[in-house]
Number of protein chains: 4
Amino acid sequence: SAAPTFKPIHTRRTFEEICERIREQLALGVLKPGDKLPAERELAQQLGVSRNVLREALRSLEMAGVLKLQKGVKGGAFIQQGDTRRMNEVMRDMLSLGTISVRELSEARVHVLDLVVQLACANARRADLDALEANIERTELATKEGRLLDRVECSREFYKLLAASTGNKVIAMIVDSVTEIHMRFVYAKVASSGVAMARLAEKRRQ
Amino acid sequence: SAAPTFKPIHTRRTFEEICERIREQLALGVLKPGDKLPAERELAQQLGVSRNVLREALRSLEMAGVLKLQKGVKGGAFIQQGDTRRMNEVMRDMLSLGTISVRELSEARVHVLDLVVQLACANARRADLDALEANIERTELATKEGRLLDRVECSREFYKLLAASTGNKVIAMIVDSVTEIHMRFVYAKVASSGVAMARLAEKRRQ
Amino acid sequence: SAAPTFKPIHTRRTFEEICERIREQLALGVLKPGDKLPAERELAQQLGVSRNVLREALRSLEMAGVLKLQKGVKGGAFIQQGDTRRMNEVMRDMLSLGTISVRELSEARVHVLDLVVQLACANARRADLDALEANIERTELATKEGRLLDRVECSREFYKLLAASTGNKVIAMIVDSVTEIHMRFVYAKVASSGVAMARLAEKRRQ
Amino acid sequence: SAAPTFKPIHTRRTFEEICERIREQLALGVLKPGDKLPAERELAQQLGVSRNVLREALRSLEMAGVLKLQKGVKGGAFIQQGDTRRMNEVMRDMLSLGTISVRELSEARVHVLDLVVQLACANARRADLDALEANIERTELATKEGRLLDRVECSREFYKLLAASTGNKVIAMIVDSVTEIHMRFVYAKVASSGVAMARLAEKRRQ
DNA sequence: GTGGTCTAGACCACA
DNA sequence: GTGGTCTAGACCACG
């Protein structure tokens, strides 16, 4: 018979295996936010690994925002609430490593915002609308008074509120992450032109 | 005279300090993707820390997709292109931690896929279309021959190809991450309804 | 005169020679279970062979259950007590290679179990009976609570305890090896009829 | 909630992973006795491992009797027919490592033989009975002529034929392995007493 | 022979 | 007492 083909082997390192186990317990609901893992020394013994390797795993999960390590006698490794800001970090790193481009990010943002507006129109609740309206007023005031940086801040807040109005945290997370980067560029632009305007104003006073 | 104010001391953990140093070199352009860091033992000595601590730092950067550690005599720590799979982990963890729900994920997936189809139609190139068509053929074959798990695998691949056809890696990353989780559920469902493999094997030998 | 007869020459491979040497030391009582061999590098030098060849030899002996290789600063190659699980591998391989059939295995299992029950009745000690009783309780609990996979695990443990109760490790090894394969089939069957775990997990979190 | 308990982690070494893969293909029936594995270099590339590690795996499977490595132009790694003698080796090693005792072995042998006789009576075919009868005649002849060692050899053959008469290779393998060791003791005893008898005969001649 | 991985056990800083 | 840090030395894998 024909020689079978074999897939490449990937031997997991010990700490990866440990991460996987803990994430499993999480997915199964055995571990929930707020829970505390056994002490490092004890857990290491339970898993039959050295403390160093266990620490590599815990560090990894801490970086991922899954755990929070606290020192002291009442300390330990605690399961955390999910942190929606992690996606922002991913986007930022992708950009700075050149994996994605500003053009792709902007394009994606336009399309996703289009989607967000539709969803927000369909699902926004009273409180969402009130918050949006209040934000718009603040924005107009800042515009009229020429507080440019405040205006940018209002704008960022606007998108955050809009995202929340969709009632879908996945969508919200996505749009937040791309908007966050977009606004950083806007902020930088405005800040630099702000300096120019300040000089202009000063000149005019002379 | 005014009492001097002291900034709170934040004793960074050693490995965080190391991460920072390496990221600095990256931001300064001294290190670029593809570059190789000194060997563990040597770098540890250069930094004046133990190899364990250095490993914690390297591990962090590897998790963040900045580095890739390779074994062997030609091995070492290499600066990497960004890793698209990080977003999958984020999604998975958010779900596990209960920050987002399956309902939100499914809903988001439907809307994002809608967007993806539009973009793919507009931007797909010849090679993309060929790959999609080949995938569809494989899927039909698997369906006809009753290879259920293979069919699921084809399906997963289909969405990946579709995402790539948009020509926008940001969009692709997003749809990949939500689809990955979706397919995990599908896979579990199909696998649980699978037949006993052992009997089949015995039959084949006869 | 009669033509002389020559015995076929068997050029031993180096690693076989090394295995033989170590087994000799074992048979002579120079090495005993628990003893530690010199470090890889040193032993390789003593024997005048490369580390790779030595590793092959140590690997062979580890597979044969004679050695146990442990990592770390207190690690090394330690002479071990015999490993009962080797017979399981033999059974599994015989089945895979088609030397024995599932039918023969099942038949053998029935007859051997019959024997085991007799011996266990005759020789079981207080501790054995206690362990069996505790196992039965766990089994009933798992049954009542519908934890199917746990129930299978209990069942496997039951046969192990029963085998141990005979007070004869040879008999125990035999019944363990055939039961192991039997339970593998049972496990596969039960697992394939399992419910979706993910939904359960989500429910638990709510 | 209560801290969950974690099971010990077992990180497989690369060569163990490879063995597992090959055994899987075997269990699934993709590989069958007589099949040839890809060449070392190619297989190593397919698996993404170094040749050294692959060799460790192949060696391991050769020791286990699953593979046979042949040198030369038409050489390679061939899947073998299962070798029933492997269980003998296991028994012998267990005994020499002190895991099992002679007492346990003898006891087990008595009980298993009891079982074998029953099964042989029920399942023996004409050819089996003929072979047994021929063996008995040879035995009687050897006894009458005082060829003690030949008599032992006949006895060993008798048990082998009896085992084969059960029509169950699993049972046969088991009884063969325990009988093999038993007969070694008998052989040693007879051989030493044979020397004594030979001297006696010599004395008588004087 | 080089470099990555893992281990045991120690000491320190903290709450 | 907990996490944080560190060391020396062993196996594991590569070319």
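## Chain B, chain A and DNA strand E in a predicted model

Across the interface of chain B and chain A, 7 salt bridges are found in this predicted model. One salt bridge joins the side chains of B:Arg55 and A:Glu56, with an N to O distance of 3.0 Å. Residue pairs in polar contact between the two chains, with both residues at pLDDT 80 or more, number 10. On the side of chain B that touches chain A, at least two residues come from each of α1 (14–27), α3, α4 (86–96), α5 (102–123) and α8 (169–192) of chain B. By residue class, this side of chain B holds 22 nonpolar, 12 polar and 16 charged residues.

In total, 50 residues of chain B contact 49 residues of chain A. The buried area between these chains is about 4400 Å², and carbon and sulfur atoms give 59% of that area.

B:Arg55 also takes part in the contacts to DNA, as the table shows.

| Side chain | Partner in DNA strand E | Distance |
|---|---|---|
| A:Asn52 | base nitrogen | 2.8 Å |
| A:Arg51 | base nitrogen | 3.4 Å |
| B:Arg55 | phosphate oxygen | 2.9 Å |

Two or more residues of the surface near DNA strand E are given by each of α3 (51–63) of chain A, and α2 (40–47) and α3 (51–63) of chain B. Altogether 28 residues surround DNA strand E, and A:Arg13, A:Thr14, A:Asn52, B:Arg51 and B:Arg55 are the closest. This surface comprises 13 charged, 10 polar and 5 nonpolar residues. Of the atoms of DNA strand E within 4 Å of the protein, sugar or phosphate accounts for 62%, and bases for the rest.

Conventions:
Residues numbered from 1 in each chain as written. Chains lettered and ligands numbered in written order. Predicted model: local features only at pLDDT ≥ 70, side-chain atom pairs only at ≥ 80, totals over all residues. Heavy atoms only, no water. Near = heavy atom within 4 Å. Polar contact = N/O pair within 3.5 Å; in protein donor to acceptor, adjacent residues only side chain to side chain. Helix = DSSP H or I, 4+ residues; strand = E, 2+ residues; numbered from the N terminus. Nonpolar A, V, L, I, M, F, W, Y, C, P; charged D, E, K, R; others polar. Contact = heavy atoms within 4.5 Å. Buried area = accessible area lost by both parts, 1.4 Å probe. Salt bridge = Lys/Arg side-chain N within 4 Å of Asp/Glu carboxyl O.
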